[in-house]
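Let's take a look at the charged side chains here and see who pairs with whom. Have the model open while you read.

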Amino acid sequence: MSTDTPDNSDTQDAVDPTNAPEDRSTAELAAEVEELREDLADLRAAVDDDQRSMVIIATKGTLDMAYPPLILASTAAAFGWDVTVFHTFWGLDILHEEKSKNLKLSAVGNPSMPMPNAIASLPGMDSMATKMMNKKIADNGTATIEELIDVSLDQGVDLQACQMTIELMDYDEAEFYDGVTVGVGAATALQRMADADIQLLV
């Protein structure tokens, strides 16, 4: 029978009361909590870095040109993308509550219109083309511009209005849809574009 005494140093270290949480100082515990918080923030940042982003510059305010930026923006947002649409010049009409409901479709210079420019330039042709398009939209059950704006805002799309254009064209910020971001300049838009995965000009 062996009389050797086993080395209990490992066991003593495992149950060393000085390592027990209740015997550690408040400062030590606070430092460890802060370190864990920093690690968690780094992990969240890493996850956010994987999120795709897109910036669309909307410059036109006709009915046919209002749809592309809103459809692309709302679809991308549905996939979890970070989406910004920067509206400038006539693109601001898309964000205007009243004007967005009365956007026109230009028949002149549109190669997809089934009529020559000589006829398209006649008085009332734009109104007729717009009426025909709105009927087609209604018959097809396609979302209206107003509905697409609501969907985009609900999904977190940042609909921005160019501040320079607001002042140049004398827009009233109060007449934009609720949730539209105003006071945005070209420098901010450029920075967002530089950081985005996808940039589009419509």
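## Salt bridges in the model

Asp93 is buried, with a relative accessible area of 15%. Keep in mind that this is a predicted model. The partner of Asp93 is Lys99, and their salt bridge has its closest N and O atoms 4.0 Å apart. Lys99 itself is partly exposed, at 38% relative accessibility. Why is Asp93 called buried while Lys99 is called partly exposed? Asp93, at 15%, falls under the 20% cut-off, whereas Lys99, at 38%, lies between 20% and 50%.

In general, side chains of opposite charge can pair when their charged atoms come close. The count of salt bridges comes to four, and three of them, including the one just described, are listed here.

| Salt bridge | Closest N to O distance |
|---|---|
| Asp82 and Arg192 | 3.9 Å |
| Lys99 and Asp93 | 4.0 Å |
| Arg192 and Asp158 | 3.8 Å |

Now for Arg192. Its side chain meets that of Asp158 in a salt bridge. That pair links distant parts of the chain: Arg192 is in helix H8 and Asp158 is in strand S3 (residues 158-162), 34 residues apart. Shared partners join Asp82, Asp158 and Arg192 into one network.

On the other arm of that network, Asp82 forms a salt bridge with Arg192. Here the partners sit 110 residues apart, with Asp82 in strand S2 (residues 82-87) and Arg192 in helix H8 (residues 186-195). Are these two buried or partly exposed? Asp82 is partly exposed at 34% relative accessibility, and Arg192 is partly exposed too, with a relative accessible area of 28%.

Methods
Residues numbered from 1 in each chain as written. Predicted model: local features only at pLDDT ≥ 70, side-chain atom pairs only at ≥ 80, totals over all residues. Heavy atoms only, no water. Helix = DSSP H or I, 4+ residues; strand = E, 2+ residues; numbered from the N terminus. Buried < 20%, exposed > 50% of the residue type's maximum accessible area, 1.4 Å probe, protein only.
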